[in-house]
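Student: I have a model open and a list of labels for it. Can we test each label against its cut-off?

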Amino acid sequence: MNTIKLDTSAALPFLAADAVSSLKTSATAARQALEDATCPGNDFLGWLHLPSSITADFINEIQACADRLRQECDVVVVAGIGGSYLGARAIIEALSDSFAALRKEQNGPAVLFAGNNISEDYLYELTDLLRDRRFGVINISKSGTTTETALAFRLLKKQCEEQRGKDVARRVIVAITDARRGAARTTADKEGYTSFVIPDNVGGRFSVLTPVGLLPIAVAGFDIKALVSGAQAMEQATAVGVPFEENIAMQYAAVRNALYQTGKKIEIIANYQPKLHFIAEWWKQLYGESEGKGGKGIFPASVDLTTDLHSMGQWIQDGERTIFETVLSVEEPRHSLLFPSDEENLDGLNFLAGRRIDQVNKMAEHGTRLAHIDGGVPNVRITLPRLDENALGQLIYFFEVACGISGLMLGVNPFDQPGVEAYKRNMFALLGKPGYEEAGEALRKRL
């Protein structure tokens, strides 16, 4: 099986000769602490051996629900925020035809996303689009009280029942929530929805390989068995017994921390395939929410190249040298298209005629990496053999386990997110939620 590859050779020249090797012990200890569940946040380690625990029966159960939604719906709306939608969207966008929405023939329902913002225009336009369409909903929330998702689900539930009738709505609304408690669980049980459980010991940003990610991905028509198989292979490749010299998760974590210690405070993840845009969005949440606490943490940023070379390229090349770059590269595209010849050759590009366009893209990648290195930007490269379910399953698990290792090496709890609550308290106070009156009055004086 082709596996993803890690190349840190273009980052090492920016470090002292022993900078990475000196972190080998720390990285190995962090990986062992994950395995032994002796680390901070050890009650949220359910993702660590999740791939190998997924059974064929479980995949079949998810697939059966997905098949029902695919048969009964033209559109399925996934209601969720943060880790409750980013992972699924990342995989779906990476595997989808870029112009699927404009194709006359559709391969199953369109998968749309809601509950990740509070935009009145977005929600109005979504509900307007759904009028007279056969739509279903996947509501993803442990608590059922997260404002963005709860609002979207209220709107969608009401509209689905009115348009399709309560009996059909019960079949096409699916809950992914806590096993026993919370508003979403109560509603699912009361209404008789098909439901799947978000494990208590798996945080949202690590939940792609739970029903949170697997069900929407299956509804979109992609092979969740192959996705899980890729993750299982990476679980073995990054296991606690795999030595540092062969363990790409420990190596990536060590290089990131070594660069951070030299003042590289920003990691820019760059891709040369537009389909990977939401992989970067998912990665930003994973690393930002896991490491950004206690006044510490590498700031995760992203660019889509070559597009952003015409906007952010100047800053990356010549801006403050507090950055390093991690490039996601895909070895083989799905399709083949040749650079055309032009009789007049006014653009001077006939020297490229007859070459695959991917070859031009690869040379842009290599040329940009070399330019950035020459400009003082350490460079890490992660190569996927192709954009398919197996490779993406590998990538997801690789980033997850590397994140756990890296956060522990940094000295933080990678599995909590205490800072996320600050905006919620202020928002509720300003909206006049009962019990927040005094805080609301104080905040309004500051506005």
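Student: Why is Lys293 called buried?

Tutor: The model is predicted, so every value here is computed from it. Lys293 has a relative accessibility of 13%. Buried means under 20%. Lys293 therefore counts as buried.

Student: What makes Asp416 and Lys293 a salt bridge?

Tutor: Their side chains meet at 2.9 Å, N to O. The rule asks for a Lys or Arg nitrogen within 4 Å of an Asp or Glu carboxyl oxygen, so the pair qualifies. The two residues are 123 apart in the chain. Asp416 sits in the loop between H15 and helix H16 (421-431). Lys293 sits in the loop between helix H12 (277-291) and strand E8 (299-304).

Student: Why is Asp416 called partly exposed?

Tutor: Its relative accessible area is 27%. Partly exposed lies between the 20% limit for buried and the 50% limit for exposed. Asp416 therefore takes the middle label.

Student: How many salt bridges does this rule give?

Tutor: The count comes to 25. One of them joins Glu245 and Lys24, with the closest N and O atoms 2.8 Å apart.

Student: What makes Glu245 and Lys24 a link between distant parts?

Tutor: Glu245 is in the loop between H10 and helix H11 (248-261). Lys24 is in helix H1 (residues 24-36). The two parts are 221 residues apart in sequence, so the pair ties them together. Lys24 is partly exposed, because its relative accessibility is 33%.

Student: Where does the pair Asp358 and Lys362 lie?

Tutor: Both residues are in helix H14 (residues 357-374). They are four residues apart, which means about one helical turn. Their side chains meet in a salt bridge at 2.8 Å, N to O. Asp358 and Lys362 are both buried.

Student: Which residues are linked in a network of salt bridges?

Tutor: Lys157, Glu161 and Glu191 are linked that way.

Student: Why are H10 and H15 called oblique?

Tutor: Packed helices are described by the angle and the distance between their axes. Helix H10 (residues 224-237) and helix H15 (residues 389-410) have axes that come within 6 Å and cross at roughly 45°. Under 35 degrees would count as roughly parallel, and 65 to 115 as roughly perpendicular. The angle fits neither class, so H10 and H15 are oblique to each other. H10 passes H15 in a right-handed crossing.

Student: What makes Leu155 eligible for a surface patch?

Tutor: Leu155 has a relative accessible area of 34%. A patch residue needs over 30% and no salt bridge. Leu155 clears that area limit, and its label is partly exposed. Leu155 belongs to helix H6 (residues 147-164). With Ile118 and Leu151, Leu155 makes a nonpolar patch of about 220 Å².

Student: How do you know that Ala188 is buried?

Tutor: Its relative accessible area is 1%. The limit is under 20%, so Ala188 is buried. Ala188 is in helix H8 (residues 183-191). Its C-alpha atom is 47 Å from that of Asp7, which is 181 residues away along the chain.

Student: Why is Thr306 called partly exposed?

Tutor: Its relative accessibility is 30%. That falls between 20% and 50%, so partly exposed is the label. Thr306 is in the loop between E8 and helix H13 (313-318).

Student: How far is Thr306 from Glu365?

Tutor: They are 59 residues apart in sequence. In space they are 7.9 Å apart, C-alpha to C-alpha.

Methods
Residues are numbered from 1 along each chain as its sequence is written. This is a predicted model: local features need pLDDT of at least 70, side-chain atom pairs count only at pLDDT 80 or more; totals for chains, interfaces and linings use all residues. Side-chain values use heavy atoms; hydrogens and water are left out. Patches are made of residues with over 30% relative accessible area and no salt bridge: like charges are joined within 9 Å, nonpolar side chains (Val, Leu, Ile, Met, Phe, Trp, Tyr) within 5 Å. Accessible areas come from the Shrake-Rupley method with a 1.4 Å probe; for residues, only the protein chains shown count as cover. Buried means under 20% relative accessible area, exposed over 50%, partly exposed in between (1.4 Å probe, protein chains only). Axes are lines fitted to C-alpha atoms, for helices over the stretch in contact, and angles run from 0 to 180 degrees between N-to-C directions. Angles under 35 degrees count as roughly parallel, over 145 as roughly antiparallel, 65 to 115 as roughly perpendicular and the rest as oblique. A crossing is left-handed if the near helix is turned anticlockwise from the far one by less than a right angle, and right-handed if clockwise.
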